[in-house]
Amino acid sequence: MPKSDGNKKNNVASINKAEEYFEIYDINDDDEKLRHASMKMEGEAYNWYMWWKKTTHVISWRKFKDAFFKRFQGVKEEEFFSKLIKLRQK
């Protein structure tokens with residue numbers, strides 16, 4: 001399970017690696033996914049997570065990912081990948 005500190009360069013990779021980790025260890029429960037992920041958060045990412053957890057009424061891995069991307073990338077996960085696919089080198 002990768003560490004995450006909210007660094008924009010590592011956010012996408014850390015979420016993707018976390019999902020691979022969940023697949024390898026057959027972790028399907030959202031609460032358990034969030035517990036594992038939060039243990040690897042540091043600094044700004046962990047502080048944000050604690051705030052998010054206290055202020056969010058319905059907590060799920062999907063909502064966490066969307067909120068995480070929105071906070072640290074400025075977009076939701078699906079918007080990020082949509083923009084990534086549209087990138088063209090000139």
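This is a walk through the predicted model shown above, from its overall layout to its core, its rings and its charged pairs.

Start with the whole chain. The protein chain has 90 residues, and 37% of them count as buried. Its secondary structure comes to 5 helices and 0 strands. Read from the N terminus, the elements run α-α-α-α-α. The accessible surface of the chain is about 6,400 Å². Carbon and sulfur atoms own 50% of that surface. Now look at contacts along the sequence. Take those with a separation of 6 or more: 51% of them join residues 24 or more positions apart.

Next, go inside. The largest nonpolar core holds 19 residues. Trp-48, Tyr-49, Trp-61, Phe-64 and Phe-68 have the most contacts inside it. Four elements give two or more residues each to this core: helix H1 (11-24), helix H2 (30-39), helix H3 (43-55) and helix H4 (61-73). Which of them gives the most? H4 does, with 6 residues.

Two tryptophans make good starting points. Find Trp-48 in helix H3. Trp-48 has a relative accessible area of 9%. The cut-off for buried is under 20%, so Trp-48 is buried. Leave aside residues up to four places away in sequence, and Trp-48 touches Phe-64, Ala-67, Phe-68, Arg-71 and Phe-72. Trp-48 can also be placed against Asp-5. These two residues are 43 apart in sequence, and their C-alpha atoms are 10.0 Å apart in space.

Now move to Trp-61. Again leaving aside residues up to four places away, Trp-61 touches Ile-15, Ala-18, Glu-19, Phe-22, Asp-30, Lys-33, Leu-34 and Ala-37. Keep Glu-19 in mind; it returns below in a salt bridge.

Aromatic rings deserve their own look. The whole structure has 14 aromatic pairs. One of them joins Tyr-49 and Phe-64 edge-to-face. The ring centres are 6.0 Å apart, with 80 degrees between the planes. Tyr-49 sits in helix H3 and Phe-64 in helix H4, so-called distant parts of the chain, 15 residues apart. Are Tyr-49 and Phe-64 buried or exposed? Both are buried. Phe-68 and Phe-69 form another edge-to-face pair. Here the centres are 6.4 Å apart and the planes meet at 85 degrees. Both Phe-68 and Phe-69 are buried too.

Step back to see the wider group. One aromatic cluster takes in Tyr-21, Phe-22, Tyr-25, Trp-48, Tyr-49, Trp-52, Trp-61, Phe-64, Phe-68, Phe-69 and Phe-72. A charged residue also meets a ring of this list. Arg-71 lies over the face of Phe-72, at 4.7 Å from the ring centre.

That leads to the charges. How many salt bridges does the structure hold? There are 3.

Take Glu-19 and Lys-65. Their closest N and O atoms are 2.5 Å apart. The pair links distant parts of the chain, with Glu-19 in helix H1 and Lys-65 in helix H4, 46 residues apart. The two partners can be compared by accessibility. Glu-19 has 24% relative accessibility, so it counts as partly exposed. Lys-65 has a relative accessible area of 5%, so it is buried.

Another bridge brings back Arg-71. Its partner is Glu-44, and the closest N and O atoms are 2.3 Å apart. Why does this pair tie together separate parts of the chain? Because Arg-71 lies in helix H4 and Glu-44 in helix H3, 27 residues apart in sequence. Arg-71 is partly exposed, at a relative accessible area of 38%. Glu-44 also counts as partly exposed, at 44%.

The remaining bridge to visit joins the side chains of Arg-62 and Asp-66, 3.6 Å from N to O. Both residues belong to helix H4. They are 4 residues apart there, so about one helical turn separates them. Arg-62 is partly exposed, with a relative accessible area of 38%. Asp-66 has 15% relative accessibility, so it counts as buried.

Finish by returning to helix H4. Helix H4 gives the most residues to the core. It also holds Phe-64 of the edge-to-face pair with Tyr-49, Lys-65 of the bridge to Glu-19 and Arg-71 of the bridge to Glu-44.

Terms used
Residues are numbered from 1 along each chain as its sequence is written. This is a predicted model: local features need pLDDT of at least 70, side-chain atom pairs count only at pLDDT 80 or more; totals for chains, interfaces and linings use all residues. Side-chain values use heavy atoms; hydrogens and water are left out. A nonpolar core is a set of buried Ala, Val, Leu, Ile, Met, Phe, Trp, Tyr and Cys residues joined through side-chain atoms within 4.5 Å. Buried means under 20% relative accessible area, exposed over 50%, partly exposed in between (1.4 Å probe, protein chains only). Contact means heavy atoms within 4.5 Å. Accessible areas come from the Shrake-Rupley method with a 1.4 Å probe; for residues, only the protein chains shown count as cover. Rings of Phe, Tyr and Trp (its six-membered ring) pair if their centres lie within 6.5 Å; planes under 30 degrees apart count as stacked, over 60 as edge-to-face and the rest as tilted. A charge sits over a ring if NZ of Lys or CZ of Arg is within 6 Å of the ring centre and within 35 degrees of the ring normal. A salt bridge is a side-chain nitrogen of Lys or Arg within 4 Å of a carboxyl oxygen of Asp or Glu.
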